[in-house]
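Q: Could we go through this model together, beginning with how its elements are assigned?

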Amino acid sequence: QLDHHGALPRALDPKTNPVCLIESVPSLTRHRFHKKRLVLVLSMVRHFAEELRARGFTVFHYQLDQPESAELCEAGEEACLRDFVARSGIARLRAMEAAEYDAQMLLLSVVAGMETPIEVIQNDQFLIHRETFSDWFDSIPDPSMESFYRKRRRETGMLMQEDQPLGGRWNFDGDNRVPPTGNMPIPGSLVFEPDSITRRVIETVERRFPDHFGDTEEFSLPVTREQVLAWLAEFLSQRLRLFGMYQDAMLAKSNRMYHSFLSPYLNHGLLRSAEVLKAVEEAYQNGDAPLNSTEGFIRQVLGWREYLHGFYWMKMPEYREINFFDCHRSIPQLMKDGDTNLKCLKCVIDQSRRDAYAHHIQRLMVIGNFALLIGVEPKAMVRWMMEMYIDAAEWAAVPNVMGMTLYADGGEVGSKPYAASAHYIDKMSDYCHGCHYRERKRVGEKACPLNYLYWNFVGVHQDQLKGNPRMQTAIQMYRHKSPAERKLIETSSQQFLEQLDATGTDRRLKKPARAAR
Ligand SMILES: Cc1cc2nc3c(=O)[nH]c(=O)nc-3n(C[C@H](O)[C@H](O)[C@H](O)COP(=O)(O)OP(=O)(O)OC[C@H]3O[C@@H](n4cnc5c(N)ncnc54)[C@H](O)[C@@H]3O)c2cc1C
Ligand code: SF4
């Protein structure tokens with residue numbers, strides 16, 4: 001909501017409408033958010049407050065490290081709002097709907113509890129309001145992401161020629177699955193040295209939230225609108241061209257590759273989706289980006305981002321409780337500290353701990369796939385995602401975990417579980433080179449655990465998945481395996497999981513089951 005041109009600031013007059021900004025400790029500690037996320041959010045809010053003051057607004061900023069407001073920040077939103085009303089003398093409050101369910105419930109309970117009337121205006125951080133989305137969803141027989149995306153392309157005219165998609169195709173996914181090469185040049189990210197505001201926030205986060213995930217070291221992300229515009233310009237000029245082609249590729253040396261790293265700024269309102277989409281389409285029109293990259297990016301923002309947000313709101317609060325496969329494993333220690341011999345997992349976890357960032361395929365196909373294969377409880381996985389990433393937002397984490405990653409909704413969002421063996425990781429990354437395990441070995445000593453865990457997953461869930469046309473090949477392949485091989489898959493998986501449950505890591509894996517002849 002840090003948007004100078006959004007619905008809320010637009011409705012305010014600097015001369016007569018004071019603004020209240022709250023650093024609520026209960027909200028900042030709802031999850032053990034990564035420290036870099038806390039630094040980013042607090043620094044963006046504090047810079048936003050300065051910018052509002054420069055525009056002539058009177059800002060009541062409840063800062064958690066200021067003696068006069070610390071206690072109120074500890075108490076949370078309602079205490080701060082009551083103080084704001086008493087001190088500013090205003091007769092009416094105006095707030096914007098929250099993007100997340102719990103924050104919206106909190107807002108409504110504050111509205112109900114306060115004597116001062118509060119006008120809640122529609123959230124405008126998404127292109128489609130959640131009510132419009134749910135009307136559309138209920139109005140057609142196939143409300144899939146693809147139908148939604150095509151409808152939005154037609155409505156916005158983006159990459160359209162009359163009523164046909166530019167290039168004659170809606171989708172360039174086929175061109176966008178190119179594996180990486182080890183020597184491909186990856187541009188370095190822009191570095192923004194922390195100013196005095198950010199340095200103070202870093203101290204506060206280290207002191208006040210020592211138990212939170214990760215660290216604040218080498219924080220150098222953009223925190224103002226001006227810096228974020230430079231960040232966007234760098235993406236357009238240096239990365240967008242290859243974004244599409246290498247969208248699914250993964251490299252040990254870079255977690256960002258050609259991705260935009262725009263999600264935290266879109267989520268907090270420093271960037272608006274519409275302006276980002278326009279800039280990307282213009283890059284294509286100016287000949288600076290190919291169609292496959294442009295379409296690939298637009299699909300993510302105009303399609304997936306909007307679709308999952310609308311879907312989340314339609315399904316909450318029940319959606320975050322579902323558990324189609326009835327999985328109950330808690331997060332193993334190796335997913336917290338990266339202490340594992342699975343090199344793919346170690347790379348992504350170490351980089352996520354360091355930067356609070358992993359790109360989509362790393363989240364889905366490395367972390368998510370491992371969690372799916374070992375049967376992590378979906379709610380625990382949502383918590384892990386919320387703690388780990390700089391862009392953590394429940395409206396995104398819940399459908400991406402429940403729907404995309406763990407298939408906990410039984411196929412409402414994804415058309416099949418995104419389960420994969422080492423073959424996929426080896427094809428789309430350079431992780432397997434130098435790994436302790438052998439990516440081509442299915443069972444036996446040094447066999448990649450993802451191989452036997454994958455077939456074990458297919459075997460265990462075959463009855464639940466037998467009606468899914470996209471799982472037929474895998475189920476048939478599993479059934480054609482000899483009884484001895486199936487037994488070996490099962491015992492290797494059991495050994496691995498027992499070891500994981502006992503020690504939290506695979507590092508001291510016992511001598512594995514012997515391969516069948
Ligand atoms: C298990 C899991 C958890 C996730 N949790 C979050 C989260 O808490 N917050 C969050 O913003 N995104 C989340 N995502 C979606 C996606 O992974 C991130 O938005 C993306 O990786 C951010 O990096 P980027 O800005 O470089 O994205 P790019 O690859 O450059 O994509 C451009 C933009 O498209 C949007 N986008 C792309 N894919 C998705 C998607 N599946 N869902 C929603 N938006 C999408 C994002 O706004 C992103 O900034 C999650 C994905 C998975 C698989
Ligand atoms: S061999 Fe297996 S564990 Fe190792 S990097 Fe490849 S897929 Fe990951």
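A: Certainly: helices (H or I, at least four residues) and strands (E, at least two) are DSSP runs, numbered from the N terminus. By that scheme, Leu 108 belongs to helix α6 (residues 101-113).

Q: Any conventions to keep in mind?
A: This is a predicted model, in which local features need pLDDT of at least 70, side-chain atom pairs count only at pLDDT 80 or more, and totals for chains, interfaces and linings use all residues. Residues are numbered from 1 along each chain as its sequence is written, chains are lettered from A and ligands numbered from 1 in the order in which they are written, and side-chain values use heavy atoms, with hydrogens and water left out.

Q: Back to Leu 108: is it buried or exposed, or in between?
A: Leu 108 counts as partly exposed because its relative accessibility is 40%. Buried means under 20% relative accessible area, exposed over 50%, and partly exposed in between (1.4 Å probe, protein chains only).

Q: How far is Leu 108 from Thr 204?
A: Their C-alpha atoms are separated by 30 Å, and the two residues are 96 apart along the chain.

Q: Now ligand 1. Which residues come nearest?
A: His 259, Ser 260, Phe 261, Leu 262 and Tyr 357 come nearest, out of 28 residues around ligand 1. A residue is near a molecule or strand if one of its heavy atoms lies within 4 Å of it.

Q: What is the make-up of that shell?
A: It divides into 16 nonpolar, nine polar and three charged residues. Here Ala, Val, Leu, Ile, Met, Phe, Trp, Tyr, Cys and Pro count as nonpolar, Asp, Glu, Lys and Arg as charged, and the others, Gly among them, as polar.

Q: Which helices supply at least two residues each to the shell?
A: These are α11 (263-268), α13 (291-315), α16 (360-374) and α18 (394-405). In terms of domains, whose bounds come from an automatic or database assignment, at least three shell residues come from each of domain 2 (130-189 + 224-315) and domain 3 (334-503).

Q: What polar contacts does the ligand have?
A: With a polar contact taken as a pair of N or O atoms within 3.5 Å, one oxygen contact is to a polar backbone atom of Ser 263 at 3.1 Å. Another pairs an oxygen atom of ligand 1 with a polar backbone atom of Ala 393 at 3.0 Å. A nitrogen atom of ligand 1 is 3.3 Å from an N or O atom in the side chain of Gln 300.

Q: How much of ligand 1 does the protein cover?
A: The protein covers 99% of the 820 Å² of accessible area that ligand 1 has on its own, by the Shrake-Rupley method with a 1.4 Å probe.

Q: Changing topic, what about backbone geometry?
A: Most residues other than glycine have a negative phi, and most peptide bonds are trans. A cis peptide bond joins Met 316 and Pro 317, with omega about 5°; Pro 317 lies in the loop between α13 and α14 (334-337).

Q: Which residues have a positive phi?
A: Ala 356 and Lys 446 are examples, each with phi near 60°. Ala 356 sits in the loop between α15 (343-355) and α16, and is buried at a relative accessible area of 0%. Lys 446 is in the loop between α19 (422-428) and α20 (449-465), and is partly exposed at 35%.

Terms used
A polar contact is a pair of N or O atoms within 3.5 Å; within protein, one must be able to donate a hydrogen and the other to accept it, and residues adjacent in sequence count only if both atoms are side-chain atoms.
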